[in-house]
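Look at the strands in the second part of this chain. The text below goes through how they are covered and how they pair.

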Amino acid sequence: MKHTKFFIFALLAAMTFSACGTDDTLQFYFPENGGTTGGGNTGGGSTGGNTGGESTDKNNTNKNVATANMPQVVRNAIGGLEFPKLKNNGTSYAIVHMDNTTDSVNYSTEWDDNMKSQRWSCYTFNTVNKIKKVNRWKPNQGEQKYPWDTDLKEQWGITDFTEDPTPTIQGFDHGHICPADDRKLNLTQQKQTFFMTNMQPQYAKFNQQGTWYNMERVLGTLAPKIDSDTLFIAKGGTIDPVGSESNLLGWKKNGASSETKKPGYIPIPKYFFVAVLKKEFNKSKNQYTYSAFGFWFPHEDKVFDKKNDTLGNYVVNIKTLEDKTGIDFFCNLPDEIEKDVENQDAEALKKLWGFK
């Protein structure tokens with residue numbers, strides 16, 4: 001989005017953060033620091049403690065903290081601004097997909113091995129990784145169209161399903177969470193988006209013609225056009241109960257359904273969500289400014305009604321999204337900034353981001 005007086009006014013002074021003397025977890029590596037390779041958006045992860053544990057940083061009490069058994073590649077990444085707070089439930093694993101051709105993070109995922117489901121995928125969007133140089137990946141003869149995640153096996157020793165459980169004959173797609181269309185810089189990045197850990201079962205119409213499809217198309221237009229700016233994005237489908245809300249439509253495998261968890265079945269999210277944070281550099285003030293919003297979509301098998309519906313109807317602030325999902329988004333921001341961006345008025349956010 002363009003730098004405008006309205007943008008600066010809407011973010012308010014409370015949402016700015018000086019570029020000088022910033023916390024290292026914000027400045028480890030991003031395009032605004034002038035680099036294009038060398039560690040990706042790895043954020044400078046901590047060591048010691050446990051994921052979901054307490055931070056000793058008085059300016060950021062809820063940031064991600066590494067576990068003793070966490071692979072180094074994950075330790076290096078979990079401080080990135082795109083990362084939600086990792087679960088501390090004993091069955092969830094953060095997976096970091098590196099693009100070794102550019103030595104940068106492609107995207108990351110939290111996998112719950114008990115649920116046999118991803119909780120979210122998170123990634124960045126900037127002038128470097130939005131470039132499209134390759135076409136959509138197509139498997140060669142003998143290759144799986146949706147391969148198992150080799151990084152999950154390599155980083156955590158967790159192996160694959162015995163079969164693809166996606167209930168395609170019941171009308172569900174393999175729904176990309178980190179979109180393949182947003183990772184076309186090279187074939188490595190493109191192919192990684194087809195990992196099963198980046199998939200959620202989505203109704204075909206929801207994925208191809210519904211609110212999810214329209215969101216991805218519009219979100220792509222918000223990609224920064226200035227090297228100093230970055231979008232940090234976390235997306236997924238609900239798999240965790242919140243209060244009395246199960247957040248699931250049930251459990252399925254190809255050709256079978258269940259109201260309760262069974263071996264070989266996967267959860268069908270009742271809702272899908274998107275959390276977006278923009279970090280933008282104001283040259284005149286030599287400061288970064290931040291704005292964030294969320295989308296909350298019912299998972300419905302229907303085409304988006306362009307005449308009577310708008311994406312603005314699904315915009316919420318981050319605090320609302322956290323209440324609905326039970327996920328702590330943008331936890332690696334300093335607490336003061338995080339509180340500001342989480343609690344912005346939803347109607348003001350619609351105007352700020354151009355949603356009707």
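In this predicted model, both faces of strand 11 are covered. On one side Y271, F273, A275, L277, K279 and F281 are buried, and on the other F272, V274, V276, K278, E280 and N282 are buried too. In a regular strand, side chains point in turn to one face of the sheet and then to the other. Buried here means under 20% relative accessible area. Strand 11 covers residues 271–282, and 12 of its 12 residues are buried, so the rest of the structure largely encloses it.

Which strands pair with strand 11? Strand 7, residues 230–237, does so in the antiparallel sense over eight bridges. Within this pair, I233 has V276 of strand 11 as its bridge partner. Strand 12, residues 287–298, is also antiparallel to strand 11, with 12 bridges between them. There F273 is matched with W296 in strand 12. Strands 11 and 12 form a hairpin with four residues between the strands, and N286 takes a positive phi near 55 degrees.

A further group of strands forms an open sheet. Three strands lie in the order 9-8-10, with antiparallel pairing. Strand 9 (256–258) and strand 10 (266–269) are at the edges and have a single partner strand each, so one side of each has no neighbour in the sheet. From one strand to the next, the twist averages 40 degrees. Strand 8, residues 248–253, pairs with strand 10 over four bridges in the antiparallel sense. W251 is opposite P267 in strand 10. Pairing of this kind, whether parallel or antiparallel, is made through backbone hydrogen bonds.

Key
Residues numbered from 1 in each chain as written. Predicted model: local features only at pLDDT ≥ 70, side-chain atom pairs only at ≥ 80, totals over all residues. Heavy atoms only, no water. Pairing = 2+ DSSP bridges. Helix = DSSP H or I, 4+ residues; strand = E, 2+ residues; numbered from the N terminus. Axes fitted to C-alpha atoms, helices over the stretch in contact; angles between N-to-C directions. Buried < 20%, exposed > 50% of the residue type's maximum accessible area, 1.4 Å probe, protein only.
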